[in-house]
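Subject: Handover of a model, with notes on its sheet and a pocket

Dear colleague,

I am passing on the structure below, and I would be glad if you looked at it alongside my notes.

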Amino acid sequence: MRRCVVLAEGSFGPQTSKTANAALRYVPADVVAIIDSHQIGRTAHDVLGYGGGVPVVASLEDAMALGPRDLLIGISPPGGGLPDHYRPVVLQALGQGLDVWSGLHTMLRDDPALALAASENGARIHDLRRPPGDLALASGRAREIAATIVLTVGTDSNIGKMT
């Protein structure tokens with residue numbers, strides 16, 4: 001079991017913390033705390049209506065008392081970048097040896113300061129949107145297979161894919 005603290009500073013809520021909300025819905029036992037100084041003292045259930053008694057704390061220092069091993073970036077901001085006010089918390093987490101998990105469009109491992117902090121403290125940065133190096137590109141071979149073709153289409157943002 002992972003033990004993660006979720007960074008959702010200033011954004012923890014039903015419409016504003018998609019990644020945090022998914023973690024609380026599908027792997028709540030892995031989440032030890034949510035960082036959002038605007039919601040201190042509440043629980044995940046108080047804010048979202050699910051997620052149980054996972055506490056909302058003011059800072060990474062407060063969350064460290066609960067023994068996390070990982071920091072999960074809990075938001076998906078417009079543009080997909082790391083908000084400036086999150087950067088010191090991510091550096092602090094790496095400095096404490098926590099692995100950082102990010103679904104942002106910006107690759108945190110490509111940031112020299114973050115990569116150095118990870119390397120110096122035995123932590124890892126997991127950029128979940130980074131494609132594997134050996135990913136094969138489409139070749140069109142599916143046209144040669146005698147099968148019924150079903151078109152599937154996906155969209156993003158505010159259409160209920162989390163429900």
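The notes below cover the sheet and then one pocket.

This is a predicted model, in which local features need pLDDT of at least 70 and side-chain atom pairs count only at pLDDT 80 or more, while totals for chains, interfaces and linings use all residues. Residues are numbered from 1 along each chain as its sequence is written, and side-chain values use heavy atoms, with hydrogens and water left out.

Six strands (DSSP runs of E, at least two residues, numbered from the N terminus) make an open sheet with parallel pairing, in the order E3-E2-E1-E4-E5-E6, where two strands pair if DSSP finds at least two bridges between them. Strand E3 (56–57) and strand E6 (125–127) are at the edges with a single partner strand each, so one side of each has no neighbour in the sheet.

E1 and E4 pair over four bridges, with aspartate 70 in E4 as the bridge partner of cysteine 4. E4 in turn pairs with strand E5 (residues 99–102) over three bridges, and there leucine 72 stands opposite tryptophan 101.

Asp70 and Leu72 point one way from E4, Leu71 and Ile73 point the other way, and all are buried (under 20% relative accessible area, with a 1.4 Å probe and protein chains only).

Asp70, Leu72 and Trp101 are also among the residues that line the second largest pocket. By class, that lining has six nonpolar, one polar and three charged residues, where Ala, Val, Leu, Ile, Met, Phe, Trp, Tyr, Cys and Pro count as nonpolar, Asp, Glu, Lys and Arg as charged, and the others, Gly among them, as polar. A pocket here is an open set of points on a 1 Å grid over the protein atoms alone, where a 1.4 Å probe fits, with protein on both sides within 12 Å along at least five of seven lines, and lining residues have an atom within 4 Å of a point.

Best regards

Conventions: Buried < 20%, exposed > 50% of the residue type's maximum accessible area, 1.4 Å probe, protein only.
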